[in-house]
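Here's a walk through a two-chain model, one chain at a time and then the contact between them. Have the structure open as you read.

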Amino acid sequence: MRVAMTSNYFEILRGGINTTFQDKGRENLYHIGIPFSGVMDNRNFLLANKLVGNHLSAPVIEFAYQGPHLRYTGDQLNFVITGDVIFKIKKNDYEIDGDCYHSYHLENGDEINIISTNKSVYGYFAIGSEIDLKFQWNSCSINTKANIGSNNGKKLDSGQKINLLKINSDKTLKKVNYINSKIENIRVIKGTNFDYFSDEGKKIFFEKEFIVSKLSDRMGMRLEGPKIENIVNTNIKSEGLVKGVIQVPADGNPIIMLSDHGTVGGYPKIGVVVSVDYDRLVQLAPGSKVKFQEIELSDAETLFKLYEMETKNLLNQI
Amino acid sequence: MLKNISNLGDAALYCDFGIQVNKATNLEVIKYFNTIREKKIKGINNLTPSYNKLIISFDLRVTNFSEIKNKIENLDTTIVQNKNNKKIEVPVCCEGNFALDKNRLEKKLNISFQEILTKFFDKEYFCYMTGFIAGMPFLGDIDENLKTQRLETPRVKVPQGSVGITEQFANIYTFDSPGGWNIIGNTPLKVFDDSKERNPNLINPGDTIIFKKISRQEYESSNDK
């Protein structure tokens, strides 16, 4: 018989802007209208889990901009924060500034206050423990638009509790030296409707600067800039979408599909962001300036392999 | 027939079945969809059938475009039958504020709402695909005289259960969602049920749908409400 382990838990004193449980997401559900979801920045997710000794696909807490403020009750455990994040750890009578990519011990009564991400969007909070979560289609990932996943598909809010099931026995503190690099040139492969756009429109797409709009979230990133002119049709028959697809609706402003995107769409696809750039793309905060750069499929495949090797090397250093 | 395969980015195949949007083309898409699902090809992590396209997503850590393309080109689709297609009755109440676009449609189509409903409920519909939001079915084809464009400005929130029409298609909003379809009524039926993990969608591609007109009273007393 399993002993009820409600003795180890976090209280959420402040939920933050968009704080959710995420893991690797859900597969093979596009055909019924359910997107991948899962963490936005996969490398920071993997590093977070490795740094607290979890298996690499364990659930983590993802936050955007301002993160949660939490108070811990229970036995000693490890936690880590990854990304480019400003946070404080409050012990009995003193407070320290936390460093990302360093795991810390947390004792009964300690508080973590995740103040904000720094010139980026997403950060990750991993706990060296199994968390009591509901899984749907083998994933805890919260999709707030369809109310799917743990916490009834809703973002975490103040007053809630995060119950822990089994704290990892190895509490060795770990760290890795890693700095998130910024991306300015987003590499794309031409989309299936590339020829819907005027020569001038195509030129604008690859030469001009675009600005990330405030209307960006886990579903999509909206960009503003010079209008990309469509000369064929501003609608297509609805068809499947994938992460990274750049649609251009009638208003001429591109929208990039992100992890919680609608599974089908009816706007022409001018391009698709390549996989290697996805982790850095999602970290572009509103107001960031970006340019699109064309790349061939074979180069995209090679670059992704290199990126994966780099991730593996980082994980091996921990 | 599968006309062309190209790449959609570096982690998906874009399979084009021609420009015709009709039941025959769509059944061909569904045949490929069923066959690929059955074969469980290593690395494929999502399939998105639509009217005349099939998008095949794969894990770039496991495979790549040319490998999967080769497998799809050499796929034997003669074995798998389009199976288990169901006929489903969907009750719809078109009274009062359920019919959000009654006035707009009367004006646009230049016929009375009564006639619109007669034509709408008179037909059987074929499910071409599901998606956009979880479980939303795209059904067709509606009567020629009911064809109309999307709203010029989409609604920020279309209520869950709304039944809408646009172009040659009808759909059902499975969640409160932004949307631009012309809403003629609302169904109390639960079209997406995430407690049924194995098959959360009531309506699947290939199914036949019959809409049944119900009163407000019948709507309110429905079990699903």
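## Pairing, and a hairpin in chain B

Two strands count as paired here if DSSP finds at least two bridges between them. With that in hand, take β3(B) and β4(B) in this predicted model: the two pair in the antiparallel sense over five bridges. One of the residue pairs to look up is Leu47(B), whose bridge partner in β4(B) is Ile56(B). Just three residues sit between β3(B) and β4(B), and the two strands form a hairpin.

Is β3(B) mostly enclosed or left open? Five of its six residues are buried, so β3(B) is largely enclosed by the rest of the structure.

## Chain B as a whole

Zooming out, chain B has five helices and 13 strands. Its radius of gyration is 19 Å, close to the 17 Å that the globule rule gives for 225 residues, so chain B is as compact as a globular protein of that length. Along the principal axes, the C-alpha trace of chain B spans about 55 × 35 × 35 Å.

Of the 225 residues in chain B, 44% are buried. Now look at contacts in chain B with a separation of 6 or more: 62% of them are between residues 24 or more positions apart.

## Two domains in chain B

Chain B splits into domain 1, residues 4-73, and domain 2, residues 87-220. Taken over C-alpha atoms, the centres of these two domains of chain B are 28 Å apart. How many residues does each domain of chain B put into the contact? Domain 1 gives seven residues and domain 2 gives six residues.

On the domain 1 side of that contact in chain B, α1 (23-39) and β3 each supply at least two residues. The largest share of this side comes from α1(B), with three residues. By class, the domain 1 side has three nonpolar, three polar and one charged residues.

While you're on α1 of chain B, find Asn34(B), which is part of that helix. Is Asn34(B) buried or exposed? A residue needs 20 or more other C-beta atoms within 10 Å of its own to be called buried. Asn34(B) has 21 C-beta neighbours inside 10 Å, so it counts as buried. For a sense of distance, try Asn34(B) and Glu197(B): they are 163 residues apart along the chain, and their C-alpha atoms are separated by 19 Å.

## Chain A as a whole

Over in chain A, the secondary structure comes to four helices and 21 strands. The radius of gyration of chain A is 21 Å, close to the 20 Å that the globule rule gives for 318 residues, so chain A is as compact as a globular protein of that length. The C-alpha trace of chain A spans about 65 × 40 × 30 Å along its principal axes.

In chain A, 48% of the 318 residues count as buried. As for contacts between residues at least 6 apart in the sequence of chain A, 77% join residues at least 24 apart.

## A five-stranded sheet in chain A

Five strands of chain A make an open sheet, in the order β2-β3-β10-β5-β8, with antiparallel pairing. Which strands stand at the edges? They are β2 (20-22) and β8 (104-106) of chain A, each with a single partner strand, so one side of each is left without a neighbour in the sheet. On average, neighbouring strands of this sheet are turned by 35° against each other, direction ignored.

At the β2(A) edge, three bridges join β2(A) to β3 (residues 60-64) of chain A, and the two run antiparallel. In this pairing, Thr20(A) has Glu62(A) in β3(A) as its bridge partner. Helix α1 (residues 42-51) of chain A packs on the sheet and touches β3, β5 (77-82) and β10 (122-127) of chain A. The direction of this helix of chain A makes about 25° with that of β10(A).

## Where the chains meet

Now put the two chains together: 39 residues of chain B are in contact with 30 residues of chain A. On the chain B side, the elements that give two or more residues are β1 (4-7), β2 (12-16), β3 (44-49), β4 (53-58) and β6 (124-130). Both strands of the hairpin described above, β3(B) and β4(B), are on that list.

The largest share of the chain B side, five residues, comes from β3(B). Sorted by class, the side of chain B that touches chain A has 20 nonpolar, 14 polar and five charged residues.

Technical notes:
Residues numbered from 1 in each chain as written. Chains lettered and ligands numbered in written order. Predicted model: local features only at pLDDT ≥ 70, side-chain atom pairs only at ≥ 80, totals over all residues. Nonpolar A, V, L, I, M, F, W, Y, C, P; charged D, E, K, R; others polar. Rg over C-alpha atoms; globule rule 2.2 N^0.38 Å. Buried ≥ 20, exposed ≤ 12 C-beta atoms within 10 Å, placed from the backbone. Domains from an automatic or database assignment. Axes fitted to C-alpha atoms, helices over the stretch in contact; angles between N-to-C directions.
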